[in-house]
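Colleague: I want to go through this model label by label. For each term, give me the value and the rule behind it.

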Amino acid sequence: MPAPYLTLLTTVEHETEVRRSRFVCAVAPARSVEEAAAFIAERRREHAGASHNCSAYVIGQRVQKGDDDGEPGGTAGTPMVQALTGRGYNDVVAVVTRYFGGVLLGAGGLVRAYGSAVTETLDRAEPVRMVPARRVRVAVAHDQAGRVENDLRASRYAVEDVAYADRVTFSVAVGEDEVAAFADWVATLTAGRARVEPGEDVHVRA
């Protein structure tokens with residue numbers, strides 16, 4: 001069963017200093033590995049003169065990856081991933097840029113510095129809570145489509161897609177605990193003429 005999680009709508013940036021090294025952290029929304037990779041590449045271009053640009057992302061239920069970018073193994077990417085997951089975040093990417101200040105921090109110091117850079121940045125974020133939902137497909141005849149679409153878009157349910165074929169099919173994100181009530185609502189709206197098919201698990205904003 002999918003669980004609720006937190007995510008971001010915009011990029012958040014924060015800078016800390018540890019024993020003269022500057023740590024510039026940016027955390028951004030990322031719905032796919034490709035989006036995460038593009039953000040990491042952008043930050044590396046922006047901070048091309050930095051000592052390290054370490055990164056971490058958490059995508060979906062299974063994808064977690066950290067990159068130490070030349071720091072000792074396990075001292076940057078892993079604590080960054082742990083900072084994201086420990087706060088309950090998903091579909092996000094973090095990049096911590098380090099400008100070396102001349103003082104070695106040691107493995108423990110690096111773990112604390114990179115982990116803290118992420119958590120302190122998240123402290124300044126405005127998280128969005130995502131809750132489990134189901135993608136429900138509603139197929140109606142063309143003569144009902146206009147009214148159904150208007151009523152769907154005026155409702156609290158999120159219309160994700162509309163497909164036109166022999167019937168018009170709306171893909172709608174419905175809260176996991178609302179699927180039965182939604183089906184009843186659609187049945188009343190269409191005098192029982194709609195075909196309602198629950199589909200795959202998704203998440204929607206709480």
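Modeller: Start with handedness: a crossing is right-handed if the near helix is turned clockwise from the far one by less than a right angle, and left-handed if anticlockwise. One caution before we use that rule: this is a predicted model.

Colleague: Which hand does the crossing of α4 and α5 have?

Modeller: Right-handed: that is how α4 passes α5.

Colleague: Why are α4 and α5 called oblique, rather than antiparallel?

Modeller: The axes of α4 (residues 142-154) and α5 (residues 179-189) cross at roughly 140 degrees. Roughly antiparallel needs over 145, and roughly perpendicular covers 65 to 115. The angle fits neither class, so the two helices are oblique to each other.

Colleague: How close do the axes of α4 and α5 come, and which residues meet?

Modeller: The axes come within 11 Å. From α4, Arg147, Val148, Asp151 and Leu152 take part. They meet Phe182, Trp185 and Leu189 of α5. By class, that contact holds five nonpolar residues, two charged and no polar ones.

Colleague: What makes Gln144 buried or exposed?

Modeller: Its relative accessible area is 13%. The limit for buried is under 20%, so Gln144 is buried. The residue lies in α4. Beyond its neighbours within four places in sequence, Gln144 is in contact with Thr190 and Arg193.

Colleague: And Thr16: buried or exposed?

Modeller: Buried, by the same rule: Thr16 has 12% relative accessibility, and the limit is under 20%. Thr16 sits in strand β2. Leaving out residues up to four places away in sequence, Thr16 touches Ser21, Arg22, Phe23, Ala117 and Glu120.

Colleague: Why do Arg19 and Arg20 get the label they have for accessibility?

Modeller: Exposed starts over 50%. Arg19 is at 53%, so it counts as exposed. Arg20 is at 56%, so it counts as exposed too. Arg19 is in the loop between β2 (12-18) and β3 (21-29), and Arg20 is in that loop as well.

Colleague: What is notable in the phi values of Arg19 and Arg20?

Modeller: The sign. Phi of Arg19 is near 45 degrees, positive in a residue other than glycine. For Arg20, phi is near 75 degrees, again positive in a residue other than glycine.

Colleague: What makes β2 and β5 edge strands?

Modeller: Each of them pairs on one side only. The open sheet has five strands in the order β2-β3-β6-β4-β5, with antiparallel pairing. From one strand to the next, the twist averages 15 degrees.

Colleague: How do you know that β3 and β6 pair?

Modeller: Pairing takes at least two bridges. β3 and β6 (residues 92-99) have eight, in the antiparallel sense. In this pair, Pro29 stands opposite Val92 in β6.

Colleague: Which helices pack on that sheet, and at what angles to β4?

Modeller: Helix α1 (residues 33-46) touches β2, β3, β4, β5 and β6, and its direction makes about 165 degrees with that of β4. Helix α2 (residues 77-86) touches β3, β4, β5 and β6, at about 40 degrees to the direction of β4.

Colleague: How many bridges link β8 and β9?

Modeller: Six, in the antiparallel sense, between β8 (residues 158-164) and β9 (residues 168-175). At least two are needed for pairing. β8 and β9 form a hairpin with three residues between them. Tyr164 has Val168 of β9 as its bridge partner.

Terms used:
Residues numbered from 1 in each chain as written. Predicted model: local features only at pLDDT ≥ 70, side-chain atom pairs only at ≥ 80, totals over all residues. Heavy atoms only, no water. Axes fitted to C-alpha atoms, helices over the stretch in contact; angles between N-to-C directions. Helix = DSSP H or I, 4+ residues; strand = E, 2+ residues; numbered from the N terminus. Parallel < 35°, antiparallel > 145°, perpendicular 65-115°, else oblique. Contact = heavy atoms within 4.5 Å. Nonpolar A, V, L, I, M, F, W, Y, C, P; charged D, E, K, R; others polar. Buried < 20%, exposed > 50% of the residue type's maximum accessible area, 1.4 Å probe, protein only.
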